[in-house]
Amino acid sequence: MATAKNQRQIEVYRAITMLKRGRPADVIRMVAPLLDQDANDPAFKRAVHRDLKSLMHSNQIGVDYYTPAGELIPPGEEEGHQNVRVEYYLLTHMDQEITGYQRFSELGGDMIAKPVLNSVIKFNEHLNEVPVNTYRISLEMRTGFFIHMWMAKEDRPVKLIIARTSKEMSQKSARESVLEKLDTRSAVLLLPNKAVSRLKVEDMTGHCEIDFTKKQEEVLLNDHNSHNGTFKAYGDDVKKTFMNFYINDQTMDGNYQNLLWGEISEPMTLDVPSLIKAGNSLIFLDSV
């Protein structure tokens, strides 16, 4: 029994090192398949919660507490709040860590969202370092180079508005205007690609939007009358084609031999996995 407990604690710590920051549910989803456990088993959930608290008390990981609206609670005041959300994070060499979002930002990307979605949506440089029961969205930052974001399926609904980075969106006043208009379940993803349409703050439209609805496995795609169009790839095995392209560092264009591209003229339901283009910027959607 002690050996099983020690192994579980090792995997829990490894999960935090991969996630950098995550909720207990994220850790449970990542650790359960590694230990051949049911992620919905109450006893296993309790054990992982105990492991996280033990790691926190031994100063190997840190903890933050948030209100249901996503506001950070000052240390020591969490007992005065109800329905507190807990996030654990890696303490060791935190000042040396380059997070997925930092890399996303370095490459010219940006995200504008209310606090609750800032903690729901996570970024990673590595395609496979995501827990199970999540949506994975691979964003092409430059030709053939991707940053991967993910979110738990239980966190739906989430709407992503895709638009182009711009000097305007780097200004505090413009970002505040966007935040005022955004609802709590929507985020603006800004990509450094001139073929992607800019965000129009007055009606909160950009190039396109991807809507992860509350319905099981239903994802909606809608073009925002973009200048260069939004396209969906059709082929026998879109995921295999994308993975071969990704692994082999190839350049995928509209003439890629295994794919046909269809322009989106009205809102449509996407299969998962799906490969789309906003202008000429690739976005791959998958579930794990």
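Let's start at lysine 153, in the loop between strand E7 (145-152) and strand E8 (158-164). A reminder: this is a predicted model.

Buried or exposed, this lysine 153? Its relative accessibility is 15%, so lysine 153 counts as buried, the cut-off being under 20%. Now its contacts. Setting aside neighbours within four places in sequence, lysine 153 is in contact with Asn133, Thr134 and Tyr135. Glu217, Ser287 and Val288 are on that list too.

Next, the pocket. Lysine 153 is among the residues that line the second largest pocket. So are Ala152 and Glu154. Asn133 also appears in the lining, and Asn133 is one of the contacts of lysine 153 as well. The other lining residues are Ala25, Ile28, Arg29, Ala39, Asn40 and Lys45. Which helix gives the most to this lining? Helix H2, residues 24-31, with three residues. By class, the lining has four nonpolar, two polar and four charged residues. The space in this pocket is about 230 Å³.

Second stop: leucine 182. Look in the loop between helix H6 (172-181) and strand E9 (186-191). Leucine 182 has a relative accessible area of 5%, so leucine 182 is buried. What does leucine 182 touch, not counting residues up to four places away in sequence? Ile112, Ala113 and Lys114, for a start. Then Ile161, Ala187, Val188 and Met204. Ile161 falls within strand E8 (158-164), and Ala187 and Val188 within strand E9 (186-191).

One distance to finish. Serine 170 is 12 residues from leucine 182 along the chain. Their C-alpha atoms are separated by 17 Å.

How values were computed: Residues are numbered from 1 along each chain as its sequence is written. This is a predicted model: local features need pLDDT of at least 70, side-chain atom pairs count only at pLDDT 80 or more; totals for chains, interfaces and linings use all residues. Side-chain values use heavy atoms; hydrogens and water are left out. On a 1 Å grid over the protein atoms alone, a cavity is a set of points where a 1.4 Å probe fits but cannot get out, and a pocket is an open set with protein on both sides within 12 Å along at least five of seven lines; lining residues have an atom within 4 Å of a point. Grid points are joined across faces, edges and corners, and a volume is the space filled by probe spheres set on the points. Helices (H or I, at least four residues) and strands (E, at least two) are DSSP runs, numbered from the N terminus. Ala, Val, Leu, Ile, Met, Phe, Trp, Tyr, Cys and Pro count as nonpolar, Asp, Glu, Lys and Arg as charged, and the others, Gly among them, as polar. Buried means under 20% relative accessible area, exposed over 50%, partly exposed in between (1.4 Å probe, protein chains only). Contact means heavy atoms within 4.5 Å.
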